[in-house]
Structures are given as structure tokens and as C-alpha cells.
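Subject: Structure for your review

Dear colleague,

Please find below the structure that I am handing over to you, followed by an account of what was found in it. I should be grateful if you would read the two side by side.

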Amino acid sequence: MTDRTQSDPKGSLSSGGFEQAIPALFVLLWSTGWVMAKYADLYADPLTFLVLRYAAATVLFVLFCLASGARWPSSRALVLRAIVSGMFLHGFYLAALFWAIGQGVPAALSAIIAGLQPLMTAVVAPFLIGEQLSRAQKLGLALGFAGIAIAVFPKMLAIDPGATPIHLLPVLINIAGMASVTYGTIYQKRHLQQSDIRTTATLQYVGALIVTVPLALMLEDLRVEWRFELFAALAWAVLGLSMGAIALLLYLIRRGQVSRAASLIYLVPPLAAFQAWALFSEPLTILMILGTAIAVLGVYLTNRKKG
């Protein structure tokens, strides 16, 4: 009997250990996005930085598509769908997140809010695809939103000792961004399963630019400090996140392995909180730690397989 593992080591690698590690690698890369946003805010207006990021990512993806012979969409409808998905998956989502952080929402809290995306997906699933929730999943939803309340509202009401108060509007904008990426993920799964993943990603950044450029022009002074630190943040944002993490996310969506990433996504808030504490000395208050732990438990219960 022939051993396929020995006869096809390359195939074994692609379907074995490396593929198993892709969800964890995506989550690790994704968790750096919040501290990167806080760092970039030191050297450029948030939305202006996103415009630079999306423009650079678009150019690099176009070059990559041309070099690799990627298949472009065969109809205007597919092009439009890719652009629309990018408007929600990147444009509105990161515009909301970066703006909120620029307005004083701590990176750790922003990550906690965004980490509730699987809960948001579970909330809308019964209406979109008729998926019913188990009792454990319903409990998970309640715990997730309770955790967010414990972590966020004491800071808004200035009753969390040692923490700087934050305002309601940036928090609501951050939540709206989380809703946007949830819709973008569902839209991507519904309408772009058969498209080339490389050209889809390229057109999605075009959609992100369509959203972000007008917002930057309306809301900001387009401040940019052209220095090494800015280019370092931009390089990581483009290569590590816009190309690396997003390519992994699109791959997971295409392979139907989003649930595997979702089972690890609860690690993003504590990872981001630790990074924000280590790099920017953001305080880790008792209420924030408690709220994060409860939210993590809620996301775990919501995403745990039935049975």
C-alpha cells in the first residue's frame, strides 16, 4: 500500500501542520492591528494613514496579481460585489476602529469590542441563514455582552479607578465598525466564493479607498509626519495586516474554516490588551480584566460546536 504522506511531502505540508496553524497565525497577526493603530496615530491622522495603507496595498496586490497570473472577475457584477465587500470588510470597519482609537478609546477596549464579532454573527445568523442557537450559545451571547459592559461602561462613567474616561460616541462608532466587518464577512461568504482570492482582495482595497478617502477629506487635516516611524507602521500595516492577515482570512473563508479561526478569536482581546500594556503602558484595570474574561467565555460558548 502506498503512503501518500511519503510520496507527496509537499501535499502533506499544505494539508498538515501548516494548514492547521493558519487560524492561529491569523489571530496572532490580527491582534497586532490595535497597537499598530495607536502607534500610527502618533505620526498621521487615523483616516489619512488608512488612505496611505489602502493605496499601498492596492498597488502591491495589483503587481502580485499580474505576476501570478490571477484571474480577474468575468463580469461587472462580480467586480462590484468585490468592491462592496471591501467597503464593509475594510473601509467602514477600520475607519471606525482607527477613528475611535484616535478619539481616545484604548486599544485594549477597542479589541474587546471588535472581539465580539462572532457574537454579532451568532445574533444575525437565525435571521439570515435560519441557524438556531443552543442554550449554551444563548448564554454565551449574554455573557459576551455583559463582559463588554463591565469593561467599557465604568470607563465611560469615570468610575474605574486609574483609568482615563472615554466618551460614548467613539465607543458606538467602534461597535458600528464591528457590525460592518461582520456584514462584510457574511457578504464575502455569500457572493464571492468562486472568485480568485487575489483579485478579490485587490478590488476590496479599492472599495476601502472609496469609503476612506472622502471621510479623511471631510473629517481630518490630512496630517502626516514623514519619518521612519511612520514608514515602519505603514510597512507592518500593509505587509503584515493588509496583505498577510487579510490573505489568511480570505483563505479561511474560501476553505470554509472560519469556525476554526473563530474558535481562537477570543484570544485577540487579551493579546491586544497585553500588547497595549507592554508598548503603551495602557492600564489593565480589574474591571477591564474581569470584563475581558467574561467576554472571552461568552465567545467561547457561542462558538462551541453543538453536541
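A nonpolar patch lies on the surface of this predicted model. Val59, Leu60, Leu63, Leu66, Trp72 and Leu239 make up the patch, and together they offer about 580 Å² of accessible area. Helix H5 (residues 46–68) supplies the largest share, namely four residues. Leu60 is located in helix H5; with a relative accessibility of 33%, Leu60 is classed as partly exposed, because partly exposed covers the range between 20% and 50%.

Helix H7 (residues 107–114) is mostly covered, with eight of its eight residues buried. The buried residues are Ala107, Ala108, Leu109, Ser110, Ala111, Ile112, Ile113 and Ala114.

I turn next to the charged side chains. Side chains of opposite charge can pair when their charged atoms come close. The structure contains five salt bridges. One of them joins Asp45 to Arg223, with 3.3 Å between the closest N and O atoms. Asp45 belongs to the loop between helix H4 (33–40) and H5, while Arg223 belongs to the loop between helix H11 (197–219) and helix H12 (228–255), so this pair ties together parts that are 178 residues apart in sequence. Asp45 is buried at 13% relative accessibility, whereas Arg223 is partly exposed at 29%.

A further salt bridge is formed by the side chains of Asp196 and Arg198, at 2.7 Å from N to O. Asp196 is buried, its relative accessible area being 10%, and Arg198 is partly exposed at 23%. Arg227 and Glu229 also meet in a salt bridge, at 3.1 Å from N to O. Arg227 is partly exposed, with 37% relative accessibility, and Glu229 is likewise partly exposed, with 24%. A network of salt bridges links Asp45, Arg223, Glu225, Arg227 and Glu229.

The aromatic side chains form a further topic. A pair of aromatic rings is described by the distance of the centres and the angle of the planes. The count of aromatic pairs comes to eleven. Among them is the pair of Phe88 and Phe92, which is tilted, with 5.4 Å from centre to centre and 50 degrees between the planes. Phe88 and Phe92 are four residues apart in helix H6 (residues 76–102), a separation of about one helical turn. Phe88 is partly exposed at 26% relative accessibility, and Phe92 is partly exposed at 36%.

The rings of Phe274 and Trp277 also form a tilted pair, with centres 5.7 Å apart and planes at 40 degrees. Both residues lie in helix H14 (residues 268–280), where Phe274 and Trp277 are three residues apart, about one turn of the helix. An α-helix has 3.6 residues a turn, so residues three or four places apart point the same way. Phe274 is partly exposed, with a relative accessible area of 49%, and Trp277 is partly exposed at 44%.

Phe88, Phe92, Tyr183 and Tyr187 form one aromatic cluster. Finally, the charged end of Lys38 is placed over the ring of Phe280, at 5.8 Å from the ring centre.

Yours sincerely

Key
Residues are numbered from 1 along each chain as its sequence is written. This is a predicted model: local features need pLDDT of at least 70, side-chain atom pairs count only at pLDDT 80 or more; totals for chains, interfaces and linings use all residues. Side-chain values use heavy atoms; hydrogens and water are left out. Patches are made of residues with over 30% relative accessible area and no salt bridge: like charges are joined within 9 Å, nonpolar side chains (Val, Leu, Ile, Met, Phe, Trp, Tyr) within 5 Å. Accessible areas come from the Shrake-Rupley method with a 1.4 Å probe; for residues, only the protein chains shown count as cover. A salt bridge is a side-chain nitrogen of Lys or Arg within 4 Å of a carboxyl oxygen of Asp or Glu. Helices (H or I, at least four residues) and strands (E, at least two) are DSSP runs, numbered from the N terminus. Buried means under 20% relative accessible area, exposed over 50%, partly exposed in between (1.4 Å probe, protein chains only). Rings of Phe, Tyr and Trp (its six-membered ring) pair if their centres lie within 6.5 Å; planes under 30 degrees apart count as stacked, over 60 as edge-to-face and the rest as tilted. A charge sits over a ring if NZ of Lys or CZ of Arg is within 6 Å of the ring centre and within 35 degrees of the ring normal.
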